[in-house]
Amino acid sequence: MSRLILFNKPHGVICQFSRDGDRPTLADFVDVPGVYPAGRLDHDSEGLMLLTADGRLQARIADPKFKMAKTYLVQVEGTITEDALAALRKGVQLKDGMTRPAEASAIADPDLWPRDPPVRFRKTVTDGWISLTIREGRNRQVRRMTAAVGFPTLRLVRWAVRPWSLDALPLGQWREVDAG
């Protein structure tokens with residue numbers, strides 16, 4: 001059995017254990033020796049991080065060639081249209097090429113923890129939420145995809161890396177699970 005840690009990463013945390021200036025890192029939350037992130041989340045993204053000491057498992061999770069599904073809850077600026085969702089489902093052209101087709105749907109506002117700092121709201125601009133599942137992992141890909149279809153990302157929460165999800169894992173907390 002491989003050791004796998006699920007961590008609910010808060011906004012602003014750097015996805016490494018070594019210090020990088022005064023910003024919080026994984027070491028401020030996870031005191032388990034010998035584990036490393038399997039994949040990354042930008043400091044301004046939140047949600048599920050997977051940590052393991054098993055190099056094979058780490059590669060299976062992080063390497064795009066394995067096409068492991070990653071589901072994000074994405075707050076976008078504006079009210080998402082069916083045309084935009086259809087484009088995400090088909091794949092969108094980014095500067096570094098076409099994305100693979102994604103699973104995309106509009107969702108009701110999810111019941112999430114408050115973000116610190118809060119998302120900047122504008123009275124004259126609506127916002128909405130989508131669920132987006134991708135099977136690749138380019139740099140800032142979800143943000144670039146939503147912008148490419150005309151709906152910039154305001155908040156990004158990785159909810160699941162199949163078969164693992166946040167479920168009821170509180171913000172800033174972690175738990176160990178069987179990696180199978």
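Is Arg140 buried, exposed or partly exposed? Select Arg140 to start: with a relative accessible area of 34%, Arg140 is partly exposed. Keep in mind as you click around that this is a predicted model.

**Stop 1: Arg140 and its partners**

Stay on Arg140, in the loop between β8 and α3. Check the backbone here, since Arg140 has a positive phi of about 50° without being a glycine.

Now move along the loop that joins β8 (127–134) to α3 and pick Arg135. Its side chain meets that of Glu103 in a salt bridge, at 2.9 Å from N to O. Glu103 belongs to strand β7 (residues 103–107), so this pair ties together parts that are 32 residues apart in sequence. Colour both by accessibility if you like: Arg135 is partly exposed at 27%, and Glu103 is partly exposed at 37%. Then add Asp42, Asp44 and Arg143 to your Arg140 selection, and you have one network, joined by salt bridges that share partners.

**Stop 2: more charged pairs**

Select Arg144 and Asp96 next. Their side chains meet in a salt bridge with an N to O distance of 3.1 Å. This one links distant parts of the chain: Arg144 sits in helix α3 (residues 141–148), while Asp96 is in the loop between β5 (93–94) and β6 (97–98), 48 residues apart. Arg144 counts as partly exposed at 28% relative accessibility, and so does Asp96 at 45%.

Then go to Arg89, which forms a salt bridge with Glu82; the closest N and O atoms are 2.7 Å apart. Arg89 is partly exposed too, at 34% relative accessibility. If you want to keep hunting for such pairs, a search of the whole structure finds 13 salt bridges.

**Stop 3: down the axis of α2**

Which residues of helix α2 (residues 82–90) are buried? Show side chains and pick out Ala84, Leu85 and Leu88, which are buried. Turn the view until you look down the axis of α2: the buried residues fall within an arc of 100°, so they line one face of the helix. Next, bring up β7, β8 and α3, because the buried residues of α2 pack against these elements, with heavy atoms within 4.5 Å counting as contact.

Spin round to the other side of α2 and you meet Glu82, Asp83 and Lys90, which are exposed. Glu82 is the residue you saw paired with Arg89. Step just past the end of α2 to Gly91, where phi is positive, at about 110°.

**Stop 4: two cis prolines**

Where is Pro117? Look in the loop between β7 and β8. Display the backbone from Asp116 to Pro117 and you will find a cis peptide bond, with omega near 0°.

For the other one, select Arg162 and Pro163, also joined by a cis peptide bond, here with omega at about 15°. Pro163 is in the loop between β9 (153–161) and β10 (164–165).

**Stop 5: Asp167**

Carry on into the loop between β10 and β11 (174–178) and stop at Asp167. Asp167 is not a glycine, yet phi is positive here, at about 45°. Is Asp167 buried or exposed? Turn on the surface: Asp167 is exposed, with a relative accessible area of 53%. For a last look, put Asp167 on screen with Arg140, where the tour began and where phi is positive at about 50°.

Terms used:
Residues numbered from 1 in each chain as written. Predicted model: local features only at pLDDT ≥ 70, side-chain atom pairs only at ≥ 80, totals over all residues. Heavy atoms only, no water. Salt bridge = Lys/Arg side-chain N within 4 Å of Asp/Glu carboxyl O. Buried < 20%, exposed > 50% of the residue type's maximum accessible area, 1.4 Å probe, protein only. Helix = DSSP H or I, 4+ residues; strand = E, 2+ residues; numbered from the N terminus. Arc of directions from axis to C-beta.
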